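Visitor: I would like to see how the descriptive words used for a structure are earned. Could we take them one at a time?

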Amino acid sequence: MKLLEDKAVLVTGAGGGIGRDFALAMAAAGAKILVNDIGTSVKGEGRDAGPAQKVVDEIRAAGGTAVANTDSVADWECANRIVQCAVDSFQRLDVVVNNAGILRDRFFFNMSVEEWRAVIDVHLNGSFYVSRAAAPHFRSQESGCYVHMTSTSGLVGNLGQANYSAAKLGIVGLSKSIALDMARYKVRSNCIAPFAFSRMIGSIPTETEDQKARVEKLKAMETAKIAPLAVCLASEAARDVTGQIFAVRANEIFLMSQSRPLRSVHRAEGWTPQSIAAHALPALRAHFYALDRSQDVFSWDPL
Ligand code: NAI
């Protein structure tokens, strides 16, 4: 018996990169796959039905079952059509993988409202729309599993990605809320923060020898290395795993922390701004976080 035998899985943004490997791995594990992708550029410009269909063709050539869908996750009506397409094709839906994504990087002080909205729409709103559209099916069948893609750009930080970081950390809150609200229906929800050498990070300059060496190391972070965790989370083997945040980088898997109080100070007579400056801030300062970026925390080469 394969791990995902007869399960129906919807993977958004599955026409390329990490999502394509999710679709292929889940199909190999026995699942029927709704391959959703609008076939757009990294920035979300243009559309092409080709990538979704190509992945469907690959799955079918390997003996699997797959259907293509080219609706955008960034619109409520379209998101409903994506879910309906999966249900119509497979008569059920067991797993939703919210993977579709775009980038519009810009330093915060220069970021346009349109750059902000485009990224929030695809990542945060798109993950809500597709998840919400699937919720009635999961609820009535009293089972279901969500896997959402977050990022260490949100969990830790990164330069020039205010829109993306906010969306990706928003997805963490969305996932935890779904896990809480739908536990009563035996529905699970988890996040993965991937590190992968997809086209999303493939545009790093390679002019100097140092840059070339760095990119060679990054290539170890193959997109296919993220898929085994997604397959496992989608399966019964992870039936008790929900509300968690994982990260995957080549052959490393991390369980990421979630925010809890680090330290407290108390003054029986209450605080003034002056006593906060004189007592509270010095007492808490030892536990302040540095202005770390993702690469400061994940400071060793991918293994
Ligand atoms: P990618 O650019 O190769 O794939 C994203 C796919 O989403 C593309 O095929 C694109 O056509 C599709 N897409 C974009 N907008 C869409 C929409 N509105 N509706 C449906 N499909 C849409 O990128 P990659 O690297 O495979 O990223 C996959 C996910 O992993 C994204 O959510 C990304 O934010 C996340 N991620 C990736 C990291 C990496 O190191 N590559 C790091 C952290 C997070």
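## Helix crossings and ligand contacts

Guide: Gladly! Let's start with helix 1 and helix 8, which cross in a right-handed sense. Please keep in mind that this is a predicted model.

Visitor: Why are helix 1 and helix 8 called oblique to each other?

Guide: The axes of helix 1 (residues 17-28) and helix 8 (residues 227-234) cross at roughly 55° and come within 9 Å. Angles under 35 degrees count as roughly parallel, and 65 to 115 as roughly perpendicular. The value of roughly 55° falls in neither range, so the pair is oblique.

Visitor: Which residues make that contact?

Guide: From helix 1 come Asp21, Phe22, Ala25 and Met26, and they meet Ala227, Ala230, Val231 and Ala234 of helix 8. By class, this contact has seven nonpolar residues, no polar ones and one charged.

Visitor: What makes helix 4 and helix 6 a roughly parallel pair?

Guide: Helix 4 (residues 113-141) and helix 6 (residues 162-182) pack at about 15°, with axes 8 Å apart. That angle is under 35 degrees, so the two helices are roughly parallel. Their crossing is right-handed. Among the residues that meet here are Trp116, Phe128 and Phe138 in helix 4, and Tyr164, Lys168 and Ile171 in helix 6. The contact divides into 15 nonpolar, five polar and three charged residues.

Visitor: And how do you know that helix 3 and helix 4 are oblique?

Guide: The axes of helix 3 (residues 76-90) and helix 4 cross at roughly 45° and come within 8 Å. Since the limit for roughly parallel is under 35 degrees, and roughly perpendicular begins at 65, this pair is oblique. The crossing is right-handed. Trp76, Ala79, Asn80, Val83 and Val87 of helix 3 meet residues of helix 4 including Tyr129, Arg132 and His137. By class, there are eight nonpolar, two polar and one charged residues.

Visitor: Turning to the ligand, which residues come nearest?

Guide: Ile18, Asp37, Asn99, Tyr164 and Ser198 do, out of 28 residues around the ligand.

Visitor: What makes the pairing of Lys168 with the ligand a polar contact?

Guide: A polar side-chain atom of Lys168 lies 3.0 Å from a ligand oxygen atom. The cut-off for a pair of N or O atoms is 3.5 Å, so this pair qualifies. By that cut-off, Ser72 qualifies too, with a polar side-chain atom 2.9 Å from a nitrogen atom of the ligand. Asn99 uses its backbone: an N or O atom there lies 2.8 Å from a ligand oxygen atom.

Key:
Residues numbered from 1 in each chain as written. Predicted model: local features only at pLDDT ≥ 70, side-chain atom pairs only at ≥ 80, totals over all residues. Heavy atoms only, no water. Axes fitted to C-alpha atoms, helices over the stretch in contact; angles between N-to-C directions. Helix = DSSP H or I, 4+ residues; strand = E, 2+ residues; numbered from the N terminus. Parallel < 35°, antiparallel > 145°, perpendicular 65-115°, else oblique. Left-handed = near helix turned anticlockwise from the far one by under 90°. Contact = heavy atoms within 4.5 Å. Nonpolar A, V, L, I, M, F, W, Y, C, P; charged D, E, K, R; others polar. Near = heavy atom within 4 Å. Polar contact = N/O pair within 3.5 Å; in protein donor to acceptor, adjacent residues only side chain to side chain.
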